[in-house]
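Student: I would like to go through this model step by step. Please show me the sequence and the structure before we start.

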Amino acid sequence: MKSIRWSILIPILLLAVFPLAIPSDYYRHIIIMALMWVVIGSSWNLIAGYTGQVSFGHAIFFGTGAYTAGLCVTQLEISAWWGMLLAGPMAMIVAFLIGCICFRLRGPYFNLATLAIGEIFRLVAIVWKDVTEGMQGILIMQTFRSKVPYYFLALALAGLCVFAIYRIVRSKWGFYFVAIREDQDAAESMGVSSFRYKSISLMVSAFFTGLAGAFYMNYMGFIDPEVVFSLYFISIMAILVGIIGGVGTIWGPAIGAFIMVLLQETFRSSFFGVFPKWISEAHVLVFGLLVIFVIRFMANGIVGDWAKAKRFFSRSATLAPAKTGAE
Amino acid sequence: MEVLIQTLVAGILIGGIYALIGLGMTLIMGVMRIINLAHGQLMMVAMYITYTLFDFFHVDPYFSLLVTMPALFFLGAMIQKYLLNPLLKVESILPQNQVLMTVGVAMVLTEVMRFIFHSNYKSVKTSYSSAAFYLGGISFNLPMFIAFCIAVSLTVGLFFFLLQTDTGRSVRATAQNKDAALLMGINAEWITYLTFGIGAALAAGAGTLLLPIFYLFPDVGGPFTLKAFVITVLGGMGSTVGAIVGGVVLGVAESLGATYISMALKDAVAMVIFLLVLIFMPGGLKTLTKV
């Protein structure tokens with residue numbers, strides 16, 4: 001138990017001193033993005049990995065959060081930081097309504113419905129110019145010029161999100177979620193209201209994704225529908241972060257987020273300028289190959305199948321069954 | 001009135017091609033019970049093959065059907081054999097692993113094409129690209145009309161295959177009950193390769209037929225993947241007749257939406273229909289006709 005505590009504490013300490021030790025805004029930016037993806041990936045994991053409802057539409061909540069913060073400035077003329085307070089509840093309301101529609105559907109039907117709603121949100125945000133400014137997007141002034149305050153805010157957000165999800169999956173709710181994932185009908189017959197607990201799971205997930213969206217608005221100072229409601233850059237990316245790290249594990253999405261963001265940045269900068277420029281075009285290709293590799297050989301992600309990977313590399317012939325299921 | 005008929009005609013013509021895309025998807029869904037999220041991307045690959053043939057060898061797009069359909073058949077069968085079927089044996093938390101795999105395949109296909117051809121818009125300019133003929137005041141776009149006719153004949157061919165040949169019957173048997181099909185001596189694994197191959201080949205056909213009308217860039221696949229599953233859900237998952245009806249309905253609905261609501265909301269029309277069908281008629285049109 002003690003070793004586990006240290007393995008959590010050391011990364012957190014490292015992350016906390018990182019911006020003070022490394023004075024480069026570029027590297028701070030990368031870690032801020034990774035921390036934001038920790039939030040989105042972990043919350044996607046709550047509804048998909050623990051409750052078994054694979055959402056293809058997490059951009060809905062991210063975009064709702066970002067637009068809540070943005071509209072605070074353009075419509076209400078108050079600071080975008082109010083968005084940090086309002087975005088969570090807004091995303092929860094949206095999540096509840098979507099749940100009413102989508103939780104009647106199961107398996108592939110559910111995936112498709114969330115995907116379709118995500119596309120509808122994106123199109124509406126583009127077309128409804130009076131409120132959202134359409135494709136022009138929303139531009140605000142950032143509060144801080146330094147990246148350090150944003151860094152600690154992102155770190156706090158990621159820590160809060162992971163901790164909250166850790167507590168939830170170890171509570172009674174968490175067991176209901178897993179029960180629904182494993183067999184919804186059996187869970188129903190034991191008196192677990194699948195609709196209620198799926199809704200709770202989705203709403204918690206949406207709350208944190210919405211917060212991440214509001215943070216993005218405050219941090220980047222610019223949003224438009226093609227960025228925050230993007231199917232490929234938000235919804236699918238959330239899924240990739242989850243499956244590469246490991247669905248149904250606490251630390252999986254966090255590790256997945258760091259891998260994805262670092263990989264993306266390494267390729268985008270052509271290995272920090274070491275390799276020729278054309279390699280920067282390959283970053284999505286590498287994502288795709290990584291996804292294919294992970295699903296094919298490590299179906300439960302890097303954290304979920306860590307034991308299996310270790311066994312493969314140490315080449316020991318012990319046939320202990322791979323650890324699956326919730327952590 | 002004239003505008004309405006014109007809109008309907010345009011919708012039905014494009015609907016014939018949509019039906020071809022939907023048929024491929026519904027076959028895959030019927031036999032393998034998965035959503036193929038790489039469907040539009042397979043179509044995009046076929047479009048690039050057509051483009052390359054036209055650009056370097058000046059092959060007429062309609063003749064390149066003879067190349068693209070077998071090529072994509074092979075590609076589809078390989079994807080099924082080496083990427084999707086092995087997942088059935090793996091124990092994993094999420095049952096949707098195969099669907100997520102197709103997302104990965106879609107990304108790789110798009111990016112490989114971007115790598116080779118870059119992001120520029122391409123199009124195939126044939127002598128008949130903008131030709132049209134008139135029938136009682138209604139204009140018919142010539143390449144669209146030819147595409148519609150070829151799509152219909154491909155569909156007829158597919159139905160002949162499914163209804164009249166032994167292999168076709170095996171495909172339908174596997175879709176209805178995989179275990180029973182296995183017991184009857186059908187090599188179900190081989191049928192899955194065949195089905196994915198046919199699905200990909202149909203998508204390839206649709207892509208090649210669309211190219212004289214449509215422009216081409218690596219991200220063109222995504223919207224067509226969305227359309228393909230809208231059609232499939234509209235028609236009822238796994239129903240071939242439903243896919244045809246769904247394709248035509250989608251074509252007409254889009255065309256009406258573009259004329260009477262707004263061009264920008266054309267795609268939203270499809271999504272809204274899709275949601276309504278999912279909520280109120282989850283079985284799709286299949287539930288009405290029992291086909």
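**Helices, contacts and confidence**

Tutor: In chain B, helices α1 and α10 are oblique to each other, a term for angles that are not under 35 degrees (roughly parallel), over 145 (roughly antiparallel) or 65 to 115 (roughly perpendicular). Helices here are DSSP runs of H or I with at least four residues, strands are runs of E with at least two, and both are numbered from the N terminus. This is a predicted model, in which local features need pLDDT of at least 70, side-chain atom pairs count only at pLDDT 80 or more, and totals for chains, interfaces and linings use all residues. Residues are numbered from 1 along each chain as its sequence is written, while chains are lettered from A and ligands numbered from 1 in the order in which they are written.

Student: At what angle do the axes of α1(B) and α10(B) cross?

Tutor: Axes are lines fitted to C-alpha atoms, for helices over the stretch in contact, and angles run from 0 to 180 degrees between N-to-C directions. The crossing of α1(B), residues 2-32, with α10(B) is right-handed, meaning that the near helix is turned clockwise from the far one by less than a right angle, whereas anticlockwise would be left-handed. The two axes come within 6 Å, and the angle is roughly 140 degrees.

Student: Which residues of α9(B) does α2(B) meet?

Tutor: The axes of α2(B), residues 39-57, and α9(B) are 6 Å apart at an angle of about 130 degrees. That angle makes α2(B) oblique to α9(B), and their crossing is right-handed. Contact requires C-beta atoms, placed from the backbone, within 7 Å. From α2(B), B:His39, B:Gly40, B:Gln41, B:Met43 and B:Met44 meet B:Gly221, B:Gly222, B:Pro223, B:Phe224, B:Thr225 and B:Ala228.

Student: Is B:Thr52 buried, partly exposed or exposed?

Tutor: B:Thr52 lies in helix α2 of chain B. A residue is buried if 20 or more other C-beta atoms lie within 10 Å of its own, exposed if 12 or fewer, and partly exposed in between, with C-beta atoms placed from the backbone. B:Thr52 has 16 such neighbours, so it counts as partly exposed.

Student: What is the expected span of α10(A), and how far apart are its end C-alpha atoms?

Tutor: The expected span of a helix is 1.5 Å times one less than its number of residues. For the 27 residues of α10(A), residues 194-220, that gives 39 Å, which agrees with an end-to-end distance of 38 Å.

Student: How many residues of α10(A) are buried?

Tutor: Helix α10(A) is largely enclosed by the rest of the structure. Just after the helix, A:Gly221 takes a positive phi of about 75 degrees. The buried residues of α10(A) number 22 of the 27.

Student: What covers the buried residues of α11(B)?

Tutor: Helix α11(B), residues 266-280, reaches 22 Å from its first C-alpha to its last, close to the 21 Å expected. Its buried residues include B:Met271, B:Ile273 and B:Phe274. The cover includes α9 (221-235) and α10 (240-260) of chain B, together with α5 (107-127) of chain A.

Student: Which helix supplies the largest share of the side of chain B that touches chain A?

Tutor: In total, 37 residues of chain B are in contact with 36 residues of chain A. On the chain B side, α4 (97-117), α9 and α11 each supply at least two residues. The largest share, 13 residues, comes from α4(B).

Student: Where is A:Glu77, and what is its phi?

Tutor: Most residues other than glycine have a negative phi. A:Glu77 is in the loop between α3 (59-74) and α4 (82-102) of chain A. It is exposed, with 7 other C-beta atoms within 10 Å. Although A:Glu77 is not a glycine, its phi is positive, at about 55 degrees.

Student: In which element of chain A is confidence lowest?

Tutor: The predictor's confidence in each residue is its pLDDT, from 0 to 100. Chain A averages 85, and 94% of the residues score at least 70. Confidence in chain A is highest in α10(A), at 93, and lowest, at a mean of 71, in helix α14 (residues 270-273).

Notes:
Contact = placed C-beta atoms within 7 Å.
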